[in-house]
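Work through the exercises below with the sequence and the coordinates at hand. Each task is followed by a solution in steps.

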Amino acid sequence: MFSLINTVNGDPEAQQTDNGWIWQEVWSDNPEQSKAFYQSLGNYSAQNKPLNNGNYSYLALNGTPAIGFVKKPDAEIGNTWVNYIKVADLDATLLKVTAAGGIVLMAPNDKVRSGSVAIIRDPAGAGIVIQEQM
């Protein structure tokens, strides 16, 4: 699920600061079908770029990348939106996550974006990806 909003003051500027939102993806059984659906909702253009010996598929709005689409990494994960937050120190943030009652679902490892990301879940069950570098 997701919601749509028409803001009174327009969209906020993209943030590249620590603890700011940096990216969102749709993890899906069928990324192309998902991309076609979201493209039909707005004035998005379909794009691809080389990434990790493959192609990364995304939608752009006015030439700016907006939403990525990937095949979900595990069949047991439901099709879902995945959001990324930039952090200054991944290891220190993971210590804060566990101290506050959260759970590390995927610890950093060299096979996934050179160890720069982790997936966490808050005590209420909501998940998010934290990323140290971009």
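**Exercise 1. Place β8 in the sheet, starting from Tyr 84.**

Step 1. Tyr 84 stands opposite Val 129 in β8. Strands here are DSSP runs of E with at least two residues, helices are DSSP runs of H or I with at least four residues, and both are numbered from the N terminus.

Step 2. β5 and β8 run parallel and are joined by three bridges. Two strands count as paired if DSSP finds at least two bridges between them.

Step 3. Val 129 in β8 is also the bridge partner of Ile 119. β7 and β8 run antiparallel, with five bridges joining them.

Step 4. The hairpin of β7 and β8 has five residues between the strands, and Gly 125 in this hairpin takes a positive phi near 110 degrees.

Step 5. Because four of its five residues are buried, β8 is largely enclosed by the rest of the structure. Buried means under 20% relative accessible area, exposed over 50%, and partly exposed in between, with a 1.4 Å probe and protein chains only.

A note on the source: this is a predicted model, in which local features need pLDDT of at least 70 and side-chain atom pairs count only at pLDDT 80 or more, while totals for chains, interfaces and linings use all residues. Residues are numbered from 1 along each chain as its sequence is written, and side-chain values use heavy atoms, with hydrogens and water left out.

**Exercise 2. Give the strand order of the whole sheet and name its edges.**

Step 1. The protein chain has two helices and eight strands. From the N terminus on, the elements run β-α-β-β-β-β-α-β-β-β.

Step 2. The eight strands form an open sheet of mixed pairing, in the order β2-β3-β4-β1-β5-β8-β7-β6. The edge strands are β2 (44-51) and β6, each of which pairs on one side only. From one strand to the next, the twist averages 35 degrees; axes are lines fitted to C-alpha atoms, for helices over the stretch in contact, and angles run from 0 to 180 degrees between N-to-C directions.

Step 3. At the β2 edge, eight bridges join β2 to β3 in the antiparallel sense. Gln 47 has Tyr 58 in β3 as its bridge partner. The hairpin of β2 and β3 has two residues between the strands, and Asn 52 in the turn has a positive phi of about 50 degrees.

Step 4. At the other edge, β6 pairs with β7 (residues 117-121) in the antiparallel sense over three bridges. Val 104 stands opposite Ile 120 in β7.

**Exercise 3. Is Ile 103 buried, exposed or partly exposed, and what does it touch?**

Step 1. Ile 103 lies in strand β6 (residues 103-106). Its relative accessibility is 39%, so Ile 103 counts as partly exposed.

Step 2. Outside its neighbours within four places in sequence, Ile 103 is in contact (heavy atoms within 4.5 Å) with Val 97, Ile 119, Ile 120 and Arg 121.

Step 3. Ile 103 and Asp 122 are 6.5 Å apart, C-alpha to C-alpha, with their positions 19 residues apart in sequence counted as their separation.

**Exercise 4. Describe how the two helices lie against the sheet.**

Step 1. Helix α2 (residues 90-99) lies across β6, β7 and β8 (127-131), and runs at about 10 degrees to β7.

Step 2. The buried residues of α1 are Pro 31, Ser 34, Lys 35 and Tyr 38. Seen down the helix axis, these fall within an arc of 100 degrees, so they line one face of α1; the arc is that of the directions from the helix axis to the C-beta atoms.

Step 3. The cover over the buried residues of α1 includes β1, β2, β3, β4 and β5. The face turned away from the buried side carries the exposed residues Gln 33 and Ser 40.

**Exercise 5. Identify the nonpolar cores.**

Step 1. A nonpolar core is a set of buried Ala, Val, Leu, Ile, Met, Phe, Trp, Tyr and Cys residues joined through side-chain atoms within 4.5 Å.

Step 2. The largest has 11 residues, among them Trp 23, Tyr 56, Tyr 84, Ile 119 and Val 129. β1, β3, β5 and β7 each supply at least two residues of this core.

Step 3. A second, separate core of nine residues includes Leu 94, Val 97, Ala 118 and Ile 128.
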